[in-house]
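I opened this notebook to record, in order, what I looked up in the structure and what came back. The entries go from the overall fold to single residues.

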Amino acid sequence: LPLALAAGLWLGTAQAAFAADAATEQRLDRLEGRLDALENAVKARDATIEGLQRAVQQRDAKIESLEKAAAQAQQTAAQAEKTAVAAAKPAAGPVTALQSADGKVKFAFRGRIDADAGLYANDKGSHDFNSGTLLRRARMGLDGTLYDDFAWRIEAEFGQGNAVSLTDAYVAYTGLSPVTLIMGQHKTPYTLEDRTSANFITFMERGLFVDAFNAGANRKIGISAKAADKHWNAWLGAFGENAQVSGPADEGWGINGNFGVTPVNEAGRLLHLGGSGYYRGPDASHTVRFSDTPEIQIDSTRLADTGTVSAQHYWFTGAEMAAVYGPFSVQGEYGRAGIDRATAGEPDVAFDGYYAFASYFLTGESRVFKDGAFDRLKPKADFSLSKGGIGAWETAGLDFGVYGGSTGGNLSIT
């Protein structure tokens, strides 16, 4: 009986264990099924997210394309409006730049008016300087570009009397950056003050020696190569005479050049050093004259004047310096001009000149230097009575001198 009872107990226990293992296996199967379902759900979710991301990307691309199309359409409409407005404006009004349909040919009108007025108080000296007014410059012209690499300018001067004279008439090739080739009548390489446009010089006129010695400079017909970047500038050319000079006799000829370095050239700070010069043969008259009027030209008296002097050749060399620190600036140049005499027995002569000035912008602006010359200054607030802007205000002081006949002879500057 005990043996039978033990066997019964063992058999019952084994059956219970087998039943428990079967239940556990069933639970595991159910769990694996749930895991598989969850994995499938995650994959489906990821696929949905990826599809949404692609849809968003496609939407963004479509929006960007539509924005570009809208911007292009707006630009085209604006250009068409500008062209229509420009065509509709009267000749006396301002006209915007005009261009061909493909934008390869463009031109724009340019011009300026400089009017002077002055009053001389002659307390000392023997000369009675004339007070009055003068239309110092009245210029009109056109600037244009052709097929990206060509530029041109033609401009006439209507001021200082009834005669009309040609200032610029040239074509420039700009496809050799940073070198520009210029052909025609244009300004020659000369001093810093002369290279700076009359629109941007500090005083009403350039320093006395700059104009007195410019017989070999100014505007002449020739060819030149000009190059510049932020820290250096160079310009070299060969020139004949001004377009106003004509006749059966041989014209004068010469070589002009300048070079400069600008180790500091940033907003509000500048240091520039350079030099310039020319060497010329006169026309068939074999004469030259160095002279200039006062610092305001309403009086035509020649304060510096050599008179007409015989010359085989004449030349100029000069040095220049400019510095800017915030609203404060200084600038100065020294020049020496010489005449190799054409008449036997007459000594060669040389003349010296200089100017130096300091300036300060009361309204806080700084002078701008670009491509070897001072450039357009932008006021912090444009002058406007209606909007309350006062513009840019500058105070400056100048010292200058011209003297010569250093080797003797009968020349003098008075």
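**Entry 1, overall make-up.** I began with the secondary structure, and the protein chain turned out to hold three helices and 20 strands. I am working with a predicted model, and I therefore looked up the confidence next, which for the protein chain has a mean pLDDT of 85, with 87% of its residues reaching 70 or more. I noted two stretches with pLDDT under 50: residues 85-93, for which the model has four contacts beyond four places in sequence, and residues 406-414, which have 26 contacts in the model beyond near neighbours in sequence. Of the 414 residues of the protein chain, 34% count as buried. When I took the contacts between residues at least 6 apart in sequence, 59% of them joined residues at least 24 apart.

**Entry 2, nonpolar cores.** I asked which residues have the most contacts inside the largest nonpolar core. That core has 22 residues, and the ones I was looking for are Tyr-190, Phe-209, Phe-213, Phe-290, Phe-316 and Ile-339. I then looked up where the core residues come from, and found that α3 (208-212), β15 (313-325), β16 (328-340) and β17 (349-361) each supply at least two of them. I followed Phe-213 further, leaving aside its neighbours within four places in sequence, and its contacts include the aromatic residues Tyr-190, Tyr-278, Phe-290, Phe-316 and Phe-351. Also in contact with Phe-213 are Gly-335, Ala-337, Asp-352, Gly-353 and Val-402. A second, separate core has six residues, among them Leu-192, Leu-270, Phe-369 and Phe-374.

**Entry 3, the second largest pocket.** I looked up its volume, which is about 440 Å³, and its lining, which is made by 22 residues. Nearest the centre of this pocket lie Asn-199, Phe-200, Ile-201, Thr-202 and Glu-394. The elements giving two or more residues to the lining are β2 (105-118), β3 (132-146) and β19 (373-375). Sorted by class, the lining has eleven nonpolar, two polar and nine charged residues.

**Entry 4, backbone details.** I checked the peptide bonds and noted that the one from Ser-177 to Pro-178 is cis, with omega near 10°; Pro-178 sits in the loop between β5 (165-176) and β6 (179-187). I then looked for positive phi values in residues other than glycine, and wrote down His-286, with phi near 55°, in the loop between β10 (269-281) and β11 (287-288). Because its relative accessibility is 38%, His-286 counts as partly exposed. Asp-371 also has a positive phi, near 55°, and its place is in the loop between β18 (368-370) and β19. At 42% relative accessibility, Asp-371 counts as partly exposed too.

**Entry 5, Asp-128.** Is Asp-128 buried or exposed? The relative accessible area of Asp-128 is 54%, and since the cut-off for exposed is over 50%, I entered this residue as exposed. Asp-128 lies in the loop between β2 and β3, the two strands that I had already met in the pocket lining. I last looked up its distance to Asp-299: the two residues are 171 apart in sequence, while their C-alpha atoms are 9.6 Å apart in space.

How values were computed. Residues are numbered from 1 along each chain as its sequence is written. This is a predicted model: local features need pLDDT of at least 70, side-chain atom pairs count only at pLDDT 80 or more; totals for chains, interfaces and linings use all residues. Side-chain values use heavy atoms; hydrogens and water are left out. A nonpolar core is a set of buried Ala, Val, Leu, Ile, Met, Phe, Trp, Tyr and Cys residues joined through side-chain atoms within 4.5 Å. Buried means under 20% relative accessible area, exposed over 50%, partly exposed in between (1.4 Å probe, protein chains only). Helices (H or I, at least four residues) and strands (E, at least two) are DSSP runs, numbered from the N terminus. Contact means heavy atoms within 4.5 Å. pLDDT is the predictor's confidence in each residue, from 0 to 100. On a 1 Å grid over the protein atoms alone, a cavity is a set of points where a 1.4 Å probe fits but cannot get out, and a pocket is an open set with protein on both sides within 12 Å along at least five of seven lines; lining residues have an atom within 4 Å of a point. Grid points are joined across faces, edges and corners, and a volume is the space filled by probe spheres set on the points. Ala, Val, Leu, Ile, Met, Phe, Trp, Tyr, Cys and Pro count as nonpolar, Asp, Glu, Lys and Arg as charged, and the others, Gly among them, as polar.
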